[in-house]
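Please look over the sequence and the model shown below. The report that follows describes a selection of features, one group at a time.

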Amino acid sequence: NLAREWIRKNGYAIIVEGYFDVIACHQHGFNNTVAPLGTALTAGHLQKLKRFSKRAVLVFDGDEAGRSAAKRSIPMLLEHEFSASILLLPGEDDPDTLLRRKGRDSFAHMLLKAESPVKFILRVSKKDKVETIHEALGVISAARDMIMKEGLIRELSEGTGISEAVLREEIKKLSRKAKDSVEIKVPPAHYDEELLLLSAAIARPDRLDDVMRMVPMEEFRNVTVRSIFEKLSAVSGRVDAILMSLNDEEKTTITRLTLNPGFDLEDVDRNVEDCIRRIALRRLDVRLREARLNGDLRLLNSLLLERQRLVKPKQAETPEV
């Protein structure tokens with residue numbers, strides 16, 4: 001949330017790996033820096049990020065783990081139409097240690113030398129020439145933006161001496177193989193009203209008090225959701241303040257909702273109101289069943305009227321003529 005306006009202003013995001021890297025970058029004036037929440041970079045992260053800019057510089061440690069992380073991330077960035085460049089830091093440095101040791105100017109100079117995906121693959125690959133070219137083609141084939149893809153093919157041709165026509169033919173083969181492979185479809189995640197309310201509270205901590213006031217804690221049926229709400233309410237909705245106290249299932253839930261809220265983040269208020277209304281309807285349905293079982297017709301009619309008011313959409317007021 002602190003980086004998004006700076007990402008818009010600068011026109012690109014710096015993506016680093018860890019919490020301390022983000023903190024160090026912001027302390028040294030690189031306010032357009034972000035990092036995943038304790039996970040590898042995912043499509044969910046990029047869906048959020050592309051609302052502010054579609055340019056990114058990946059900054060990874062220069063060790064084998066950093067190279068592997070960069071290789072995994074590049075195709076995903078290209079698939080989401082990001083213009084990406086990669087900076088592997090020298091030696092054992094990460095952004096935190098490098099900034100503290102060498103300062104802002106040195107890091108800024110390194111950012112200017114960040115490599116394109118093709119140059120990065122050609123430089124760090126430990127395979128022979130043919131295998132390296134195929135590795136680069138696999139990365140390029142992920143690009144959805146055709147202009148970007150053409151530029152990468154041209155760059156690979158210039159860097160290897162292989163004609164663009166041959167490279168395009170190899171990419172076509174890769175595309176045909178991908179189409180022929182069996183696609184495994186993952187069922188969409190289910191979000192009920194309780195998960196959506198928690199998601200809204202994570203996205204907008206200022207709405208937590210409204211949720212807590214309208215929905216008694218005992219009405220949350222999902223034990224994990226209830227536990228997270230209890231912890232959040234004790235720290236005014238600050239997710240970072242409860243991370244150390246979460247169990248594995250709670251961490252998974254928060255990570256899932258952070259990456260994929262389940263609703264448009266521009267519609268948090270409407271989402272909260274809708275979820276509170278659905279929980280109120282759930283509460284009413286329980287009371288309706290009890291009234292029917294007890295034969296209490298007066299209470300039953302009263303509850304039916306109340307339910308009708310909740311489910312009936314608000315009618316637009318008709319101006320008097």
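K71 is partly exposed, with a relative accessibility of 27%; here, buried means under 20% relative accessible area, exposed over 50%, and partly exposed in between, with a 1.4 Å probe and protein chains only. This residue forms a salt bridge with E135, the closest N and O atoms being 3.3 Å apart, where a salt bridge is defined as a side-chain nitrogen of Lys or Arg within 4 Å of a carboxyl oxygen of Asp or Glu. The pair links distant parts of the chain, since K71 belongs to helix 4 and E135 to helix 8 (residues 129–140), 64 residues apart. Helices (H or I, at least four residues) and strands (E, at least two) are DSSP runs, numbered from the N terminus. In contrast to the partly exposed K71, E135 is buried, with a relative accessible area of 17%.

The model is predicted, so local features need pLDDT of at least 70 and side-chain atom pairs count only at pLDDT 80 or more, whereas totals for chains, interfaces and linings use all residues. Residues are numbered from 1 along each chain as its sequence is written, and side-chain values use heavy atoms, with hydrogens and water left out.

**Salt bridges**

The structure holds 27 salt bridges, and the table lists three of them.

| Pair | N to O distance | Place of the pair |
|---|---|---|
| E135 and K71 | 3.3 Å | helix 8 and helix 4, 64 residues apart |
| E64 and R67 | 2.7 Å | helix 4 (residues 64–79), three residues apart |
| E164 and R168 | 2.9 Å | helix 10 (residues 164–180), four residues apart |

Because E64 and R67 are three residues apart in helix 4, about one helical turn separates them, and E64 is partly exposed at 41% relative accessibility. E164 and R168 are likewise separated by about one helical turn, being four residues apart in helix 10; E164 is partly exposed, with a relative accessible area of 24%, and R168 is partly exposed with 28%. Salt bridges that share partners also join E193, E194, D274, R277, R278 and R282 into one network.

**The sheet**

Four strands form an open sheet in the order 2-1-3-4, with parallel pairing. Its edge strands, each pairing on one side only, are strand 2 (33–34) and strand 4 (83–88). Two strands are said to pair if DSSP finds at least two bridges between them. Strands of a sheet pair through backbone hydrogen bonds, either parallel or antiparallel.

Strand 1 (residues 13–15) runs parallel to strand 2 and is joined to it by two bridges, and I14 has T33 of strand 2 as its bridge partner. Strand 1 also pairs with strand 3 in the parallel sense, over three bridges, where the bridge partner of I15 is L58 in strand 3. Strand 3 (residues 55–60) and strand 4 are in turn paired in the parallel sense over six bridges; within this pairing, A56 has A84 of strand 4 as its bridge partner, and V59 stands opposite L87 in strand 4.

How many of the six residues of strand 3 are buried? Five of them are, and strand 3 is mostly covered. Strand 4 also has five of its six residues buried, so it is largely enclosed by the rest of the structure.

**Cores and contacts**

In soluble globular proteins, nonpolar side chains tend to be buried together. The largest nonpolar core has 36 residues, and those with the most contacts inside it are L58, L77, F120 and L156; such a core is a set of buried Ala, Val, Leu, Ile, Met, Phe, Trp, Tyr and Cys residues joined through side-chain atoms within 4.5 Å. A second, separate core of 27 residues includes L197, V211, V225 and L232.

L156 touches V118, L122, I133, A136, L137, I140 and L167, not counting residues up to four places away in sequence, and contact here means heavy atoms within 4.5 Å. T253, which lies in helix 14 (residues 248–259), is buried, with a relative accessible area of 13%. Not counting residues up to four places away in sequence, T253 touches L195, L198, T224 and I228.
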